[in-house]
Amino acid sequence: METAHFLRLFFVLAACFFALFLALYFTLREQVQRWFPSESPPAMLTNAVASIHAIVVVIPSAYLVLSGRYNDDPEFACPLGRLVCCVTAGYMLYDTALLLLFKATGHSQKRNASSSPMMLLVFACHHSLSLGSIWFCLKYDYGLNLVLVGLLFEVSTPLFHAVQFLQCSGIDKLFPTTFRAASLIALASFAFARFPASVYQVIQAHRCTQGSWEQPFILAAVYLFLLFNSMFLVMVSRKTLSIGCSVKSE
């Protein structure tokens, strides 16, 4: 499919997936309020939808990356890889919309994390960079292999959110030792999935874009993603360790 035609289709598909994630959020809202009446519905729902998005994009991304056929070819294009980009673009639009909604309505438990202006700015910059990278990749048919490597970061998302789900379910009080072990496993998966994958993305960007006019833009993007993932790792580590210490002290 020609790039110009696909870009028009991209905007349509991204809007469709944005509407789908938004519909999923409001569909699950009543159910989550019934299961966890004492918890913040926005925090639980964003975690649930984020985990669904992660599972949907990680499986095809892992298939394409681990096959090894495209890792050194920044100009490769395939329908499955492009569809994954559309799904992620729709999710980023949805998440940005909720970010603005939570800020406007005063919700303070976005992802059970701080809603300080700095963290809101970090999330907004990360999502904007993600959308810009996907658009650049699809417009110029360049760098899809690096985008797919970046989407492998999401493999840790369901595990980390599962720990928060267990805490809200009261498992931390019933089985504190098991819960602390699960928290450490989730933290290890976050550290060993996001950071090494981000470093690998930088190495691949240097290696497979040499001599291309796109290289400065791609290197700027992958280094920024490395910075964001380092910040997220610190934030998640503090959150996970605080959860473990609070359980241990009870």
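**Exercise 1. Find the volume of the largest cavity and describe its lining.**

Solution. The largest cavity has a volume of about 40 Å³, where a cavity is a set of points on a 1 Å grid over the protein atoms alone at which a 1.4 Å probe fits but cannot get out, and a volume is the space filled by probe spheres set on the points. This is a predicted model, in which local features need pLDDT of at least 70 and side-chain atom pairs count only at pLDDT 80 or more, while totals for chains, interfaces and linings use all residues. Residues are numbered from 1 along each chain as its sequence is written, and side-chain values use heavy atoms, with hydrogens and water left out.

Next, list the lining residues, which have an atom within 4 Å of a point: they are Phe76, Ala77, Arg82, Cys137, Leu138, Asp141, Tyr142 and Leu144. Finally, sort them by class: six are nonpolar, none is polar and two are charged, given that Ala, Val, Leu, Ile, Met, Phe, Trp, Tyr, Cys and Pro count as nonpolar, Asp, Glu, Lys and Arg as charged, and the others, Gly among them, as polar.

**Exercise 2. Describe the second largest pocket and the helices that line it.**

Solution. Begin with the space, which is about 430 Å³ in the second largest pocket; a pocket is an open set of points with protein on both sides within 12 Å along at least five of seven lines. Its lining holds 28 residues, and Ser130, Ser133, Val147, Gln201 and Phe225 lie nearest the centre of the pocket.

Then turn to the helices (DSSP runs of H or I with at least four residues, numbered from the N terminus). At least two lining residues come from each of α3 (79-105), α4 (117-140), α5 (144-151), α8 (176-208) and α9 (215-248), and α4 gives the largest share, nine residues. By class, the lining of this pocket has 15 nonpolar, 11 polar and two charged residues.

**Exercise 3. Place Leu13 and Glu75, and decide for each whether the residue is buried, partly exposed or exposed.**

Solution. Leu13 is in helix α1 (residues 3-35), whereas Glu75 is in the loop between α2 (41-66) and α3. Leu13 is partly exposed because its relative accessible area is 22%, and Glu75 is exposed because its relative accessible area is 55%; buried means under 20%, exposed over 50%, and partly exposed in between, with a 1.4 Å probe and protein chains only.

As a last step, consider distances between C-alpha atoms: Leu13 and Cys85, 72 residues apart along the chain, are separated by 9.7 Å, while Glu75 and Cys137, 62 residues apart in sequence, are 9.3 Å apart in space.
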